[in-house]
Amino acid sequence: MTGEAAQALSIDVGGSGPVSALLTRPAAAHAAYVLAHGAGAGMHHPFMAAVASGLARRGVATLRFQFPSMERASRRPDPPRVAHAAVRAAVAEANRLLVGLPLFAGGKSFGGRMTSQAQADAELAGVRGLVFVGFPLHPAGRPGSERAEHLDRVARPMLFVQGTRDELADPALLRAVVARLGERATLVEIEDADHAFHVRRSSGSDDRRVLDRIADAASDWMARHGG
């Protein structure tokens, strides 16, 4: 698949059945990224499509996929066991389809956290690092860092791309988590962005420039860690 067109696929998630997926592979790709969606919006959401498109323009192939609950149009996210299985199935498919490209995994919010939990439990085959786009450190209005405790068991490099107004990640708490993880972790903060990566007009930026910043940060980091 060349350019920015997305190829529709189906991925078998074992007992949860098949889920839909989209592969975007630029002609001169230097890395590949398994991009999982958040809890409330699937792989077709405009933000997910924009991230995949921005990465394609920078030479990063992406494999987006639906979690089983999203495939069934359920309002309740999958339990971790099911979500982890979906991540593993998508990573296996990426390894099959994108041979020779350094592989990374992660995603938006819930998708990134399910990926890191899966990696912490047992290494994802072939994955060189994790990229989080808005890591959900805690529920809105309930600051804490318990959701990041499993990251201590992730032995791969991690990139956190995070807005400074993210209601699910107090900046000071996330900086402390990144500091605790040491050289494995890199934090890129996007000034004034919320959890959806929207910025206010008063910030002097706009959503388009924020999307460019996300794609720049992720593609540059993958290039450095691609081996």
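**Pocket and sheet**

Mentor: In this predicted model, α1 gives four residues to the lining of the largest pocket, the largest share.

Trainee: What makes a residue part of that lining?

Mentor: An atom within 4 Å of a pocket point. For the largest pocket, 18 residues line the space, and A41, H45, F47, K108 and A196 are the closest to its centre.

Trainee: How much space lies in the largest pocket, and which elements give two or more residues to its lining?

Mentor: About 330 Å³. The elements are α1 (46-57) and α6 (207-225).

Trainee: What is the lining like by class?

Mentor: Nine residues are nonpolar, seven polar and two charged. Gly counts as polar here, so any glycine in the lining falls in that class.

Trainee: Now the sheet. Why are β1 and β8 called edge strands?

Mentor: The order is β1-β2-β4-β3-β5-β6-β7-β8, in an open sheet with mixed pairing. β1 (6-12) and β8 (185-190) each pair on one side only, so they are the edge strands. From one strand to the next, the twist averages 20 degrees.

Trainee: How do you know that β6 and β7 pair?

Mentor: Pairing takes at least two bridges. Four join β6 (residues 127-133) to β7 (residues 158-163), so the two strands pair. They run parallel. V131 has L159 in β7 as its bridge partner.

Trainee: Which strands does α1 lie across?

Mentor: α1 lies across β2 (18-24), β3 (31-36), β4 (60-65), β5 (103-108) and β6. To β4, α1 runs at about 160 degrees.

How values were computed
Residues numbered from 1 in each chain as written. Predicted model: local features only at pLDDT ≥ 70, side-chain atom pairs only at ≥ 80, totals over all residues. Heavy atoms only, no water. 1 Å grid on protein atoms, 1.4 Å probe; cavity = no way out; pocket = protein on both sides within 12 Å on 5 of 7 lines; lining within 4 Å. Points joined across faces, edges and corners; volume = space filled by probe spheres on them. Axes fitted to C-alpha atoms, helices over the stretch in contact; angles between N-to-C directions. Contact = heavy atoms within 4.5 Å.
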